[in-house]
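Q: I have a model open on my screen and would like to learn how to read it. Could you take me through it step by step?

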Amino acid sequence: LERRRPRSLALAGLMLGLALSTKFSALFLIPVMVILYVIHEWRAGAHACWLRGAGAMLAAIGIAGVVTWMIYAVFALAHGVDMRGIDLRLLRDFFDRDQAHAMVRLVSRGPLRAHPYLEGLLVSIDHNTIGHGNYLLGMQRTNGWWYYFPVAFAVKTPLSTLILLAIAACVLLRRAPALLRRSTPYSFFVLVVPMVVYSAFSIASHLDIGIRHLLPIWPF
């Protein structure tokens, strides 16, 4: 976004594709990318080129899609999986969030009906729909609590780090109006947006099974 070079765009698409191929939760990077592109064009003001920004964003996501398809295809073809078509029932299953149906799909899986990435993503979504046994503050549940990760974060994070984060939050709140100006360094948004989006995904998740799921926010 800063350098506007085709090489950087291709590299961004490649890295996104590798991330998506590594972990299904990396899908959170796509809304992050969309938000960062919007912020970048907003900061440009009268010099913004929304069409070019949208084209670059779609190109990066397209490259990522090709990379992900190819990585999974190598292993699929090696195991004799036919990827020529797609069973439309798979698309229906993506939107079917009934817990009983999700459980049936998980325990009675047959041959792959589509590209392995889509099949694996459906398994991950079904798992989230059903939930996972977890523990918090003396309680046990399957579908978790929306406040699980904030509590786990507070308990597992060193007190000195929490104090520094609290001070940083106070500074940010005092300067909040100024931070929403176009003059705010773009690097600020690059640090904040991924952390906020991933935290929101984590809180909405029903797979509350460990503080390790919050590790991606730490670099930011």
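Q: Let's start with helix 2: which of its residues are buried?
A: Before anything else, keep in mind that this is a predicted model. A residue is called buried when its relative accessible area is under 20%. In helix 2, that description fits V32, M33, L36, Y37, I39, H40 and E41.

Q: What do the buried residues of helix 2 pack against?
A: Their partners are helix 1, helix 3 and helix 10.

Q: How many residues does helix 2 have, and how far does it reach from its first C-alpha to its last?
A: Helix 2 has 16 residues and reaches 23 Å, close to the 22 Å expected at 1.5 Å a residue. Look just past its end as well: G45 takes a positive phi of about 60° there.

Q: I35 is also in helix 2. Where does I35 stand on the scale from buried to exposed?
A: With a relative accessible area of 34%, I35 counts as partly exposed, because the buried class stops at 20% and the exposed class begins over 50%. Setting aside neighbours within four places in sequence, I35 is in contact with V193 and V197. You can also compare sequence with space: I35 and V190 are 155 residues apart along the chain, while their C-alpha atoms are separated by 9.7 Å.

Q: Now for the interior. Which residues touch the most other members of the largest nonpolar core?
A: The general idea is that in soluble globular proteins, nonpolar side chains tend to be buried together. Here the largest nonpolar core has 17 residues, and V32, L36, Y148, F189 and V193 touch the most other members. Helix 2 (29–44), helix 7 (148–156) and helix 10 (186–204) each supply at least two residues of this core. The largest share, five residues, comes from helix 10. For a close-up, pick V32: not counting residues up to four places away in sequence, V32 touches V193, P194 and V197. There is also a second, separate core of 16 residues, with A60, L90, F94 and L122 among them.

Q: How do helix 1 and helix 3 pack, in terms of angle and distance between axes?
A: Two packed helices are described by the angle between their axes and the distance between the axes. For helix 1 and helix 3, the angle is about 45° and the axes are 7 Å apart. The two helices are therefore oblique to each other, and their crossing is right-handed. To find the meeting surface, highlight residues including L9, G13 and L16 in helix 1, which face a set in helix 3 that includes A56, A60 and V67.

Q: Why does the span of helix 6 agree with what its residue count suggests?
A: Helix 6 runs over residues 116–130, so its 15 residues should span 21 Å at 1.5 Å a residue; the end C-alpha atoms are indeed 21 Å apart. The helix is followed by G131, whose phi is positive, near 95°.

Q: Which residues of helix 6 are buried, and what covers them?
A: The buried ones are P116, Y117, E119, G120, L121, L122, D126, T129 and I130. Their cover includes helix 1 (6–22), helix 3 (50–78), helix 4 (88–95) and helix 5 (99–107).

Q: Why does E119 count as buried?
A: Its relative accessibility is 3%, so E119 falls under the 20% cut-off. Leaving aside neighbours within four places in sequence, E119 is in contact with L90, R109, P111, L112, R113 and A114.

Terms used
Residues numbered from 1 in each chain as written. Predicted model: local features only at pLDDT ≥ 70, side-chain atom pairs only at ≥ 80, totals over all residues. Heavy atoms only, no water. Helix = DSSP H or I, 4+ residues; strand = E, 2+ residues; numbered from the N terminus. Expected span 1.5 Å × (residues − 1). Buried < 20%, exposed > 50% of the residue type's maximum accessible area, 1.4 Å probe, protein only. Contact = heavy atoms within 4.5 Å. Core = buried A, V, L, I, M, F, W, Y, C linked by side-chain atoms within 4.5 Å. Axes fitted to C-alpha atoms, helices over the stretch in contact; angles between N-to-C directions. Parallel < 35°, antiparallel > 145°, perpendicular 65-115°, else oblique. Left-handed = near helix turned anticlockwise from the far one by under 90°.
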